[in-house]
Amino acid sequence: MVFNGTRIQLQLSSAGSASDLTMVANSFGNLSTSTWYFVEWWHDSVNNVAGLSVNGTSNTTSYSSGVFDSTADFAIGTNFVTSGADFWTGSIDEVFFFKGMPTSGERAAFYNSGSGFAYPWTTPSAGNTTYI
């Protein structure tokens, strides 16, 4: 996930060398400086959907190529495919991963109009996601 100059951008790769999918958070629009944003992305391999959301405003698209399974480095805040270009110059906080696909209700609870959960957080009452 990188910043392309005005918007959050997600890149997914099934081979690890080039992006099969580049997704831009166009539904949300341009970001402003000195503002915190709740950003989430997901890949639902069961329903073949990739999503990118900023403050609860989502873009989704079909994606069935899979995600590269590797022991290579994982990067947030830089375009690792292009040798560390497009560095994020702001702060990144509260990064977490899920084993499983959170429901739309769970994802909405994490943001909750800016008053969502912070670590350590309690599990939303609905859903069957394992939180790691």
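Guide: A contact here means heavy atoms within 4.5 Å. The model is predicted.

Visitor: Among contacts between residues at least 6 apart in sequence, what share joins residues at least 24 apart?
Guide: Start with contacts in the protein chain between residues at least 6 apart in sequence. Then keep those that join residues at least 24 apart. Their share is 46%.

Visitor: In what order do the elements run from the N terminus on?
Guide: The protein chain has one helix and eight strands. The helix sits between the seventh strand and the final one in the run. From the N terminus on, that reads β-β-β-β-β-β-β-α-β.

Visitor: What percentage of the residues is buried?
Guide: Buried means under 20% relative accessible area. The protein chain has 132 residues. Of these, the buried ones make up 28%.

Visitor: How much of the exposed area do carbon and sulfur atoms supply?
Guide: The protein chain exposes about 8200 Å². Carbon and sulfur atoms supply a share of that area. The share is 48%.

Visitor: Which elements give two or more residues to the largest nonpolar core?
Guide: The largest nonpolar core has eleven residues, among them Ile8, Leu21, Met23, Ala50 and Tyr63. Leu10, Leu12, Leu52 and Val54 are also in this core. The elements that give two or more residues to it are β2 (8-12), β3 (21-24) and β5 (49-54).

Visitor: Which are the edge strands of the open sheet β4-β5-β6?
Guide: This open sheet has three strands with antiparallel pairing. From one strand to the next, the twist averages 10°. An edge strand pairs on one side only, and that holds for β4 (39-44) and β6 (57-62).

Visitor: Which residue in β5 is the bridge partner of Val39?
Guide: β4 and β5 run antiparallel, joined by six bridges. The residue sought also belongs to the largest nonpolar core. Val39 has as its partner in β5 Val54.

Visitor: Which are the edge strands of the open sheet β1-β2-β3?
Guide: This sheet also has three strands, paired antiparallel. Each edge strand pairs on one side only. The edges are β1 (2-3) and β3.

Visitor: Which residue in β2 is the bridge partner of Phe3?
Guide: Two bridges join β1 to β2, and the two strands run antiparallel. The residue sought is listed in the largest nonpolar core as well. In β2, Phe3 has as its bridge partner Ile8.

Definitions and conventions. Residues are numbered from 1 along each chain as its sequence is written. This is a predicted model: local features need pLDDT of at least 70, side-chain atom pairs count only at pLDDT 80 or more; totals for chains, interfaces and linings use all residues. Side-chain values use heavy atoms; hydrogens and water are left out. Helices (H or I, at least four residues) and strands (E, at least two) are DSSP runs, numbered from the N terminus. Buried means under 20% relative accessible area, exposed over 50%, partly exposed in between (1.4 Å probe, protein chains only). Accessible areas come from the Shrake-Rupley method with a 1.4 Å probe; for residues, only the protein chains shown count as cover. A nonpolar core is a set of buried Ala, Val, Leu, Ile, Met, Phe, Trp, Tyr and Cys residues joined through side-chain atoms within 4.5 Å. Two strands pair if DSSP finds at least two bridges between them. Axes are lines fitted to C-alpha atoms, for helices over the stretch in contact, and angles run from 0 to 180 degrees between N-to-C directions.
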